[in-house]
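Biologist: Could you walk me through this one? I've got a few questions ready.

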Amino acid sequence: MRNQAKMVAGRKAVEYIENGMTVGLGTGSTAYYFIDELGRQIRTGHLQNIQAVATSKRSKEQAESLGIKVVSLDMVEYIDVLVDGADETTPDGSGIKGGGGALLYEKIVAMAAKKSIWIVTPDKVVETLGAFPLPIEIVPFGSLRLFDNLNQMGLNPQFRRLDNDSLFITDSGNYILDLHLESIQAPHQLALELDRMVGVIEHGLFLDLTDRIIVGYENGETHLFSCDRGAMQS
Ligand code: 5RP
């Protein structure tokens with residue numbers, strides 16, 4: 001049933017895409033439905049002259065298999081609309097991303113997007129971030145040292161592993177640490193601290209980076225939150 005809600009959100013987001021746009025393709029099981037519907041609209045001729053920039057190998061492969069033209073970020077001046085999932089979001093658009101391990105490319109693409117839309121299920125809308133472990137992408141070199149530092153800071157890191165217990169490797173060849181924080185009372189401050197840490201390439205706190213949140217429900221309805229990017233700075 002949750003997949004139904006993801007599909008509802010993903011399909012709704014396609015309504016924001018217009019002919020001739022460069023579209024950012026997010027990553028994850030909700031973004032999957034957006035890409036799927038985008039491909040359908042292109043195939044049936046409802047959308048024309050669309051090109052896309054993908055935030056992961058997975059999304060690129062899915063898009064190409066559906067006949068969506070995928071170009072590299074460096075080939076475009078900007079992205080008109082990025083549609084991506086999120087692991088948690090407040091109604092005003094502060095979020096945690098990276099559950100799928102694509103946070104670095106997702107943030108790079110988000111920075112290049114004129115408009116960003118998150119597609120989520122209702123369980124992901126929270127008042128306070130942090131119940132979902134905060135992913136950070138780190139350089140493999142010296143990663144145990146960095147792990148220890150984060151541990152001493154009380155940030156409860158855990159190396160992300162695959163089912164076979166091997167370390168999860170990102171599309172850029174890095175590791176992911178998930179910070180088990182339970183509650184993040186000062187996300188901007190934590191973001192600054194993580195930004196300053198050598199060895200941390202990027203963190204999954206996406207603050208001030210989205211304009212709209214589409215919440216999809218199993219019954220087919222959607223709810224829209226509009227975010228004022230400027231107003232979210234603190
Ligand atoms: C991947 C992400 C995803 O957008 C996030 O994890 C949500 O995924 P899903 O739609 O599968 O719940 O940030 O890095």
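Modeller: Sure, ask away, and keep in mind that this is a predicted model.

Biologist: Let's begin with Phe-141: is it buried or exposed?

Modeller: First, its place: Phe-141 sits in the loop between β8 (134-138) and α5 (143-152). Its relative accessible area is 79%. Exposed means over 50%, so Phe-141 counts as exposed.

Biologist: Which residues form a nonpolar patch on the surface, with about 310 Å² of accessible area together?

Modeller: Phe-141, the exposed loop residue, is one of them. The patch as a whole is made of Val-139, Phe-141 and Ile-201.

Biologist: On to the open sheet of three strands: which are the edge strands?

Modeller: The order is β5-β6-β12, with antiparallel pairing. β6 (residues 95-96) pairs with β12 over two bridges, and in that pairing Ile-96 has Leu-205 as its bridge partner. The strands that each pair on one side only are the edges: β5 (88-89) and β12 (205-206).

Biologist: And the ligand: how much of its accessible area does the protein cover?

Modeller: There are 17 residues around the ligand, and Ser-29, Thr-30, Asp-87, Gly-98 and Lys-124 are the closest. A ligand oxygen lies 2.5 Å from an N or O atom in the side chain of Ser-29, and a ligand oxygen is 3.0 Å from an N or O atom in the Glu-106 side chain. On its own the ligand has 370 Å² of accessible area, and the share covered by the protein is 92%.

Biologist: Which elements give two or more residues to the shell around the ligand?

Modeller: Ser-29, with its 2.5 Å distance to a ligand oxygen, is a good place to start looking. The elements are α2 (29-43) and α4 (103-111).

Terms used: Residues are numbered from 1 along each chain as its sequence is written. This is a predicted model: local features need pLDDT of at least 70, side-chain atom pairs count only at pLDDT 80 or more; totals for chains, interfaces and linings use all residues. Side-chain values use heavy atoms; hydrogens and water are left out. Patches are made of residues with over 30% relative accessible area and no salt bridge: like charges are joined within 9 Å, nonpolar side chains (Val, Leu, Ile, Met, Phe, Trp, Tyr) within 5 Å. Accessible areas come from the Shrake-Rupley method with a 1.4 Å probe; for residues, only the protein chains shown count as cover. A salt bridge is a side-chain nitrogen of Lys or Arg within 4 Å of a carboxyl oxygen of Asp or Glu. Helices (H or I, at least four residues) and strands (E, at least two) are DSSP runs, numbered from the N terminus. Buried means under 20% relative accessible area, exposed over 50%, partly exposed in between (1.4 Å probe, protein chains only). Two strands pair if DSSP finds at least two bridges between them. A residue is near a molecule or strand if one of its heavy atoms lies within 4 Å of it. A polar contact is a pair of N or O atoms within 3.5 Å; within protein, one must be able to donate a hydrogen and the other to accept it, and residues adjacent in sequence count only if both atoms are side-chain atoms.
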